[in-house]
Structure formats: C-alpha cells, structure tokens
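Open the model in your viewer and switch to a cartoon view. Keep side chains hidden until a stop calls for them.

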Amino acid sequence: DVWTRTGTGQWGTTISDLPNTLKYLQTSVAGDARATVGVATDDQSVDVRARATTFAGGSGGDRWFGAIARYSNETNYYYFTLRSSNTLSLRKVTNGNVTVLRSVALPVVLGRWYRLRLEAVGSQLRAYVNGTLWLEASDTTHARGQTGIVTFRTAAEFDDYRGVIAHLRVFDG
C-alpha cells in the first residue's frame, strides 16, 4: 500500500467497474480522513473519479469529499471539495486554520460519480468538475507537497486516481 492515511478514516479497496483498476474506499462517517501518495513536488495535478456513498446524519455542519494538493502534513495543504450543502469549495489549511479561497453553488448528489481535478501550478489553483473549470484562485502559502484525497463525515469511493507531478506550466503565445 503506497498511501499514507491520517484522520479517523477506514480505508480499503475493491474491484472497480473500470478495467484493470481498484477503487479506494473510505467507509467511516465519524470525522476527517485523508490519504496522500507520492513525493513532494511543486507543480501538480490531482485527477480522480469520486462519489459520496453516505453523508453523516444529524446536525453539525457540512459533510464533504474531494482532492488534496501540496499536502505537507495534516495541518498544511490545499483541498477542493464537493459538499452536502450543494457547494464546491477550494480551501487551504495553514497551521490547522482553514481559509476558504473560493466557493460556488453546485448540486451534489449522493451516489453520483464526479470527475474531480485540482491543479496547483505556480501560484495558481484551479478546480474542475467533470472537465469544467469551476473555481480558480491565486495563493503562495504552500509551495510543495503530496497529492491525495480527503473526506469529512462522508463515506466515499475514489476511482481512477492520477496524481501528475512537476512541469505542468502552460505557456500562451
């Protein structure tokens, strides 16, 4: 297993419906769960097919699932999430403090597959859902780190994960 896991998640794998791949499952709705992979780099892109299978019940705020970029530890990274409040959110965690960089309304349907992509290139952060750019921000807080996946009070499935690292710069002209 090449993944490093933090938080309260219960992780496992099963056969994917895609050819020659495994799905990565996170089955706990008790709290936060992160799984990261790869070496720390600067420019990177995380691309994953994901769906929530269960949102925790009760009051107590949003539940969510998504992708991580430039993860250095559980208190410092960027993340992009689909939320039970029907929003997409691009955020950063710095020394444990969460900052919302951008957010937008989008219906999030339990059980529906979404293709998520989070790019961190230079100071630019871009978040895509199903190939469409939804959120963009500029931030220089986290210069390098690993890629990964994340949930909060949500059981979810992640499939067809691709973490592309280094030299993603696109030049115009």
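Select L133 to begin. This residue is partly exposed, because its relative accessible area is 38%, and buried would mean under 20%. Keep in mind that the model is predicted. L133 belongs to strand β12, residues 132-138. Show what surrounds it: beyond neighbours within four places in sequence, L133 contacts R126, A127 and Y128. Now add L118. It sits 15 residues from L133 in sequence, and the two C-alpha atoms are 9.7 Å apart.

**The sheet**

Next, colour the strands of the open sheet. There are seven, in the order β1-β4-β13-β6-β7-β8-β9, and the pairing is antiparallel. Go to the edges. β1 (4-7) and β9 (97-105) each have a single partner strand, so one side of each lacks a neighbour in the sheet. Look along the sheet for the twist: it averages 20° from one strand to the next.

Zoom in on β6 and β13. Strand β6 covers residues 64-73 and strand β13 covers residues 145-152; six bridges join them in the antiparallel sense. Pick Y71 and look across: Q146 in β13 stands opposite.

Move to β8 and β9. Strand β8 spans residues 87-94 and pairs with β9 in the antiparallel sense, over eight bridges. One bridge to find is T94 with N97 in β9. The two strands form a hairpin with two residues between them. Select N95 in that turn: its phi is positive, about 50°.

**Two stops on the strands**

Select T6, in strand β1. Is T6 buried or exposed? It counts as buried, because its relative accessibility is 16%. Which residues does T6 contact, leaving aside those within four places in sequence? They are D32, A33, R34, Y71 and E74.

Y71 brings you back to Q146, its opposite number in β13. Select Q146. At 18% relative accessibility, Q146 counts as buried. Show its contacts, not counting residues up to four places away in sequence: they include T36, V37, G38, V39 and A40, and also I68, A69, R70 and Y71. Q44 is another contact of Q146. Measure to I68: the C-alpha atoms of Q146 and I68 are 8.0 Å apart, with their positions 78 residues apart in sequence. Then show side chains. Those of Q146 and T36 make a polar contact at 3.4 Å.

**The nonpolar cores**

Display the largest nonpolar core, which has 33 residues. Pick out those with the most contacts inside it: F65, F80, L82, L90, L116, I149 and F158. Centre on I149. Leaving aside neighbours within four places in sequence, its contacts include W3, W11, Y24, V48, F158 and Y161. A33, R34 and A35 are also among the contacts of I149, as are G66, A67 and I68.

A second, separate core has seven residues. Select W64, Y77, Y79 and V93, which are among its members.

**Salt bridges**

The whole structure holds 15 salt bridges. Visit three of them.

First, select D43 and R70. Their side chains meet in a salt bridge at 3.7 Å, N to O. The pair links distant parts of the chain, 27 residues apart: D43 is in the loop between β4 (32-41) and β5 (44-55), and R70 is in strand β6. How accessible are the two partners? D43 counts as buried at 3% relative accessibility, and R70 counts as buried at 2%.

Next, select K92 and D139. This salt bridge measures 2.9 Å, N to O, between the side chains. K92 is in strand β8, while D139 is in the loop between β12 and β13, 47 residues apart. Both K92 and D139 are buried.

Last, select D47 and R162, whose side chains meet at 3.5 Å, N to O. The pair spans 115 residues, from D47 in strand β5 to R162 in strand β14 (residues 154-165). D47 is buried, with a relative accessible area of 13%, whereas R162 is partly exposed at 41%.

Add R115 and D160 to the selection. Salt bridges that share partners join D47, R115, D160 and R162 into one network. The tour ends here.

Definitions and conventions. Residues are numbered from 1 along each chain as its sequence is written. This is a predicted model: local features need pLDDT of at least 70, side-chain atom pairs count only at pLDDT 80 or more; totals for chains, interfaces and linings use all residues. Side-chain values use heavy atoms; hydrogens and water are left out. Two strands pair if DSSP finds at least two bridges between them. Helices (H or I, at least four residues) and strands (E, at least two) are DSSP runs, numbered from the N terminus. Axes are lines fitted to C-alpha atoms, for helices over the stretch in contact, and angles run from 0 to 180 degrees between N-to-C directions. Buried means under 20% relative accessible area, exposed over 50%, partly exposed in between (1.4 Å probe, protein chains only). Contact means heavy atoms within 4.5 Å. A nonpolar core is a set of buried Ala, Val, Leu, Ile, Met, Phe, Trp, Tyr and Cys residues joined through side-chain atoms within 4.5 Å. A polar contact is a pair of N or O atoms within 3.5 Å; within protein, one must be able to donate a hydrogen and the other to accept it, and residues adjacent in sequence count only if both atoms are side-chain atoms. A salt bridge is a side-chain nitrogen of Lys or Arg within 4 Å of a carboxyl oxygen of Asp or Glu.
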